Structure formats: structure tokens, C-alpha cells
Amino acid sequence: MSESNDFRQGLGIAFRLGTEMTVATLLGAGMGYGVDHFFATKPWGIVAGVIFGGAAGMLNVFRVAQVMTKELEEERDQNNTSSKDQDGKS
Amino acid sequence: MESPLHHFELHPIVHLSVGGLDISINKAIIAMWVGLALVFALFMMVAGKGRQLVPGKLQSVLEIAMEFIQGMVDEFIGKEEGKKYFSFIASLFIFILTCNLIGLIPGSYTITSQIAVTGAFAVGIFIMTLVIGFAKHGGHFLTILIPPGIPKVMVPIMIPIEIISMLARPLSLSVRLFANMTAGHTVLAVLFGLAMSASIWIGWMPFGFTVVINGLEIAIAFIQAYIFTTLTCVYIGDVINLH
């Protein structure tokens, strides 16, 4: 059961990370383009938009990865304690 | 030969319009009604009979599904807070899953391959998270735009980045579901087109692949429904717990 759970979580993360960054960058570029269109600041709006969007994408991916490492570490700690218990018993 | 994207096109079956608004009924709407009816019938079959202490086959399946969703809600929103949102999350999961699976029956329509549908879900969820956030925290909710522990100099840079990353959430939520379903069904259509246009001596090969990929698509239907609901839970949990 736990193995299939891991597999599902892994797939979930794989599907998430891919879209997360692309979408944020594209959204930033789109917002920059909109700013250019309405305020006649060509091309600086889209330049800033891509940079901010890319940063936002990185941030999103980083946050997902942070949660992921936290889970991994917790798992490792659990394994360590359980193996220690076994050692103590034997 | 038909284009592989042909089966995504929608043509009105019954022309209807109310006050200039086109509400013609097409294949997608019928598929969605079937999905709704199916979910409703499935749960009414169990609920109508009265819950048994020793569950029957159908009740066990539904109970396992509900426990699975309960676990998800507990993990991402919290045990106490999650109770309020459990019914919403459960309906969302079951409905998206049913829609994804209905699309795999040859000749039917995958509603989740329309970005209008997934977009409506995602925007609805986004507005819901905003409403929950403001109702729960008031004006203090805006501090979600400032991550904890950053120096004051960075605040003007971080706010636009956080706004973009907030707005990217509904977009990525809808695009992910739509793109995965569309891609899967396009692959199926291409392979089936190959099978139909080749002679039987070689045509059995792409046909065999369609069968294999249909199996893969069943897995993707489950995974995508799971991801969509997990992320909904994560987003609701984020606005409730504020960092």
C-alpha cells in the first residue's frame, strides 16, 4: 500500500513541476505584454514580465521541492528510528 | 483521413438560445449530464439502501474512495478545518474522475479536454480560496503576498513575483488537466487512424498500441483527478494557514 502511495505521489509531483514553471513564465510574459500594450512602454514591460514570471515559476517549483525534501527527511528519520528499535530489541 | 483533432470538435445537436445567449446542446453537455447522473446514481444506490454495517461491494468501493479523499483533506487542510471542505473536495474528485473515465469509452466525449470546463473549475476554486482567505483573516490576508523572513528591501520585488505565482495557480491547474487529457486522446486518435488506414497485415500493430495506451489513459484519468484535487486542497490549506 505504501509503495503504491509513493508511486502516486511521485507521479503527482512529476506532473506538477513541469507545468508550474512554464505557466508562470508565460503568465508573466503575457502580463508584461499587456502593460506594453496599454502604457506604450515597449519593450520594457515584456522584459520585466518575463523576468518576474520566471522568478515566480522558480519560486513555485522551489516550494514544491521544499515540501518534497521535508517528506523525504521525515521518512528517513522514521526509518532510522525504526531500525534502531529493531537493533535494541535484538 | 480524418484529422486526429477532429473528435474534439463540437457541433450543436439541439439549437437553443436564450436572449441571444447560445446554449445549444452538444456532445460535451450530454457527456457531462451522463457523468452527473452516473455519480448521483452510484451514491444514491448505496445511500438509498441505507448504509450497512457490513458493507457490500459497491459500498466498500465508495467507502475506500471516501477514506482516501479524507486522508488527502486531513493532510493538506488540517483535521479540524478540513471537515468544512470535505464534501466539496470529494464531489470534485469523483466528478473529474468520472468525466475522465467516460471519455475513454469509444464514441463518447472527454469533457475535461475542453479548457472552458477545466478553466471554469480552476477559476471557481481560485475565487473560492480568495473568499475563504479574506473571510478568515480579513485585511491581514494580504500578507500572503510577503513570504516570512525576507528583508524589507526585497518586499517591492517579492510582491509582483508573489502576485504572478498566485495567478499562475488557476492557470496551471486548468492547463494541466486539459493538456493531459487532450494529449492522451490525440495519441489514441493518431494510432487509431494509422490502424484504420493500413492494411490488416500491418494495421494490427497500431491497433494493439491503442489498446495498451487506453490502459495507460485509465491510469492518467485517476492521476489527473488526484492531482487536481490535491492541489485544490493545497491551495485551500495555504490560505487557511497563511504560511
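## Salt bridges between the chains

A salt bridge is taken here to be a side-chain nitrogen of Lys or Arg within 4 Å of a carboxyl oxygen of Asp or Glu. In this predicted model, that rule is met by A:Glu20 and B:Arg176, whose closest N and O atoms are 3.9 Å apart. Over all chains the count comes to seven salt bridges. A:Glu20 belongs to helix 1 (residues 2-39) of chain A and B:Arg176 to helix 5 of chain B, so this pair joins two chains. Both partners are buried, because the relative accessible area of A:Glu20 is 3% and the relative accessibility of B:Arg176 is 1%.

A:Arg63 and B:Glu162 form another salt bridge, in which the closest N and O atoms are 2.7 Å apart. This pair also joins two chains, since A:Arg63 lies in helix 2 (residues 44-89) of chain A and B:Glu162 in helix 5 of chain B. The burial of the two partners can be stated separately: A:Arg63 counts as partly exposed, at 31% relative accessibility, whereas B:Glu162 counts as buried, at 4% relative accessibility. Between chain B and chain A the count is two salt bridges.

## The interface of chain B and chain A

The elements of chain B that give two or more residues to the side touching chain A are helix 2 (57-76), helix 5 (155-197) and helix 6 (200-241). Helix 5 of chain B provides the largest share of that side, with 13 residues. Sorted by class, the side of chain B that touches chain A has 15 nonpolar, four polar and three charged residues.

In terms of contact, 22 residues of chain B meet 21 residues of chain A, and the two chains bury about 1,900 Å² between them, 73% of it on carbon and sulfur atoms. Of the area that chain B buries against chain A, 26% is supplied by B:Ile161, B:Ile164 and B:Arg176, which is more than any other three residues supply. B:Arg176 therefore appears both in this group and, as a buried residue, in the salt bridge with A:Glu20. Across the interface of chain B and chain A, three residue pairs are found in polar contact, counting pairs with both residues at pLDDT 80 or more.

## Salt bridges within chain B

Within chain B, B:Glu80 forms a salt bridge with B:Lys83, the closest N and O atoms being 3.4 Å apart. Both residues lie in helix 3 of chain B and are three residues apart, about one turn of the helix. B:Glu80 counts as exposed, with a relative accessibility of 60%, and B:Lys83 likewise counts as exposed, at 56%.

A network of salt bridges links B:Glu81, B:Lys84 and B:Lys136.

## A buried threonine in a loop of chain B

B:Thr112 is found in the loop between helix 3 (79-102) and helix 4 (115-137) of chain B. With a relative accessible area of 1%, B:Thr112 is buried, because buried means under 20%. The side chain of B:Thr112 makes a polar contact of 2.6 Å with the side chain of B:Asn100.

When neighbours within four places in sequence are left aside, the residues in contact with B:Thr112 are B:Ile96, B:Cys99, B:Asn100, B:Thr118, B:Leu177, B:Phe178 and B:Met181. B:Asn100 is thus listed among these contacts as well as being the partner in the polar contact between side chains.

Conventions. Residues numbered from 1 in each chain as written. Chains lettered and ligands numbered in written order. Predicted model: local features only at pLDDT ≥ 70, side-chain atom pairs only at ≥ 80, totals over all residues. Heavy atoms only, no water. Helix = DSSP H or I, 4+ residues; strand = E, 2+ residues; numbered from the N terminus. Buried < 20%, exposed > 50% of the residue type's maximum accessible area, 1.4 Å probe, protein only. Polar contact = N/O pair within 3.5 Å; in protein donor to acceptor, adjacent residues only side chain to side chain. Contact = heavy atoms within 4.5 Å. Buried area = accessible area lost by both parts, 1.4 Å probe. Nonpolar A, V, L, I, M, F, W, Y, C, P; charged D, E, K, R; others polar.
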